[in-house]
2 protein chains.
Amino acid sequence: MTGKSIGLQLRRNGFKLTPQRRAIIDVISGSEEHLTPSDIYSRLQHKYPGIGLVTVYRTLELLENSGLLCEVHIGDTCRSYLKRKRPGEHHHHLVCAGCGKVVDFVDCELGDLENRLTSETGFSIDSHLLEFMGRCASCRKLVSK
Amino acid sequence: MTGKSIGLQLRRNGFKLTPQRRAIIDVISGSEEHLTPSDIYSRLQHKYPGIGLVTVYRTLELLENSGLLCEVHIGDTCRSYLKRKRPGEHHHHLVCAGCGKVVDFVDCELGDLENRLTSETGFSIDSHLLEFMGRCASCRKLVSK
DNA sequence: GGCTCAATTGAAAATGATTTTCATTTATAA
DNA sequence: TTATAAATGAAAATCATTTTCAATTGAGCC
């Protein structure tokens with residue numbers, strides 16, 4: 001999903017497309033890494049200084065509620081976001097512990113397991129969270145040097 | 001893992017087994033649900049008042065570092081803990097969105113997927129996070145009434 | 001049982017992240 | 001261009017977590 005299409009989608013949902021929101025969307029969609037609110041805030045300082053951290057929080061909340069962002073669950077923080085490459089599609093992440101780069105993939109092959117758990121436990125299952133952690137090719141090279 | 005064995009393990013690792021730690025371990029191992037630091041703190045108020053929230057944080061850190069607790073990744077918080085039923089063993093959780101109850105399971109059948117991702121992306125994979133979310137049998141009854 | 005000492009505790013203060021408030025500004029539709 | 005509701009930024013408020021430090025205590029030793 002490009003920055004432009006995220007912006008259009010926002011507007012389609014009845015929200016204003018302000019320069020601040022454009023800037024925040026630019027930062028997110030220009031990065032392969034997952035970013036926390038303060039990551040985004042500090043990247044904004046270069047190109048679009050003056051935007052408040054509050055606005056970053058508010059915009060992230062808005063984008064998340066509109067389903068235009070993915071959360072990444074890694075390490076300590078529960079608040080690291082990523083552009084959604086596959087809007088609406090069920091998918092998962094493979095995250096590099098070195099640089100934060102995220103690759104995503106679609107088929108998680110968990111249907112059988114889900115069925116088994118349902119029948120064994122009596123739970124109804126609504127969703128799952130699956131993320132792989134590792135090191136990307138370039139970070140592996142760095143380590144081995 | 002019982003509360004008693006958690007305590008013994010702590011002592012084996014050279015830490016003191018104080019009444020506060022006992023109380024915190026009791027609360028955690030007496031619960032089927034995952035608990036945040038303040039959940040634990042408020043449950044302590046009944047039976048063992050006077051224990052400070054700081055001590056809860058410190059004890060949780062200690063238990064986590066000793067591998068005696070599991071983290072649960074659900075909803076907003078990154079800080080919800082659970083007794084470790086299977087010490088040391090690789091396992092995953094099935095969490096009830098209604099009551100917070102957690103069931104765990106061992107075989108996640110992700111080996112093939114992991115191999116495929118490794119060869120397709122050039123990443124080396126170190127670990128994964130897999131959790132299922134749903135509703136347990138009793139919470140399902142509540143909803144349907 | 002008392003003694004010693006490092007580990008542990010609790011209260012308060014410090015820090016850091018996030019949210020709320022509110023007066024001002026601005027994107028958008030008419 | 002104008003009107004208006006939505007959005008912004010600064011400051012304050014809130015909430016979670018960590019640090020500091022003086023007082024207490026568990027555990028090994030006599």
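Biologist: What makes helix H4 (53-65) of chain A part of the surface near DNA strand C?

Modeller: That helix, along with helix H2 (19-29) and helix H4 (53-65) of chain B, supplies at least two residues of that surface, as each of the three does. "Near" asks for a heavy atom of the residue within 4 Å of the strand, and helices are DSSP runs of H or I, at least four residues, numbered from the N terminus. Mind you, this is a predicted model, where local features need pLDDT of at least 70, side-chain atom pairs need 80 or more, and totals for chains, interfaces and linings use all residues. Residues count from 1 along each chain, chains are lettered from A, and side-chain values use heavy atoms, without hydrogens and water.

Biologist: Which residues are closest to DNA strand C?

Modeller: 21 residues surround the strand, and the closest are A:Arg11, A:Tyr57, B:Thr18, B:Thr55 and B:Arg58.

Biologist: Why is the pair between B:Arg58 and a base nitrogen called a polar contact?

Modeller: A polar contact is a pair of N or O atoms within 3.5 Å. A polar side-chain atom of B:Arg58 sits 2.5 Å from a base nitrogen of DNA strand C, so the pair qualifies. A:Lys16 also reaches a base nitrogen with a polar side-chain atom, at 3.2 Å, so that passes too.

Biologist: And what makes B:Gly52 count?

Modeller: There a polar backbone atom is 3.3 Å from a phosphate oxygen of the strand, so the cut-off is met.

Biologist: What share of the strand's atoms within 4 Å of the protein belongs to sugar or phosphate?

Modeller: 70%, and the rest belong to bases.

Conventions
A polar contact is a pair of N or O atoms within 3.5 Å; within protein, one must be able to donate a hydrogen and the other to accept it, and residues adjacent in sequence count only if both atoms are side-chain atoms.
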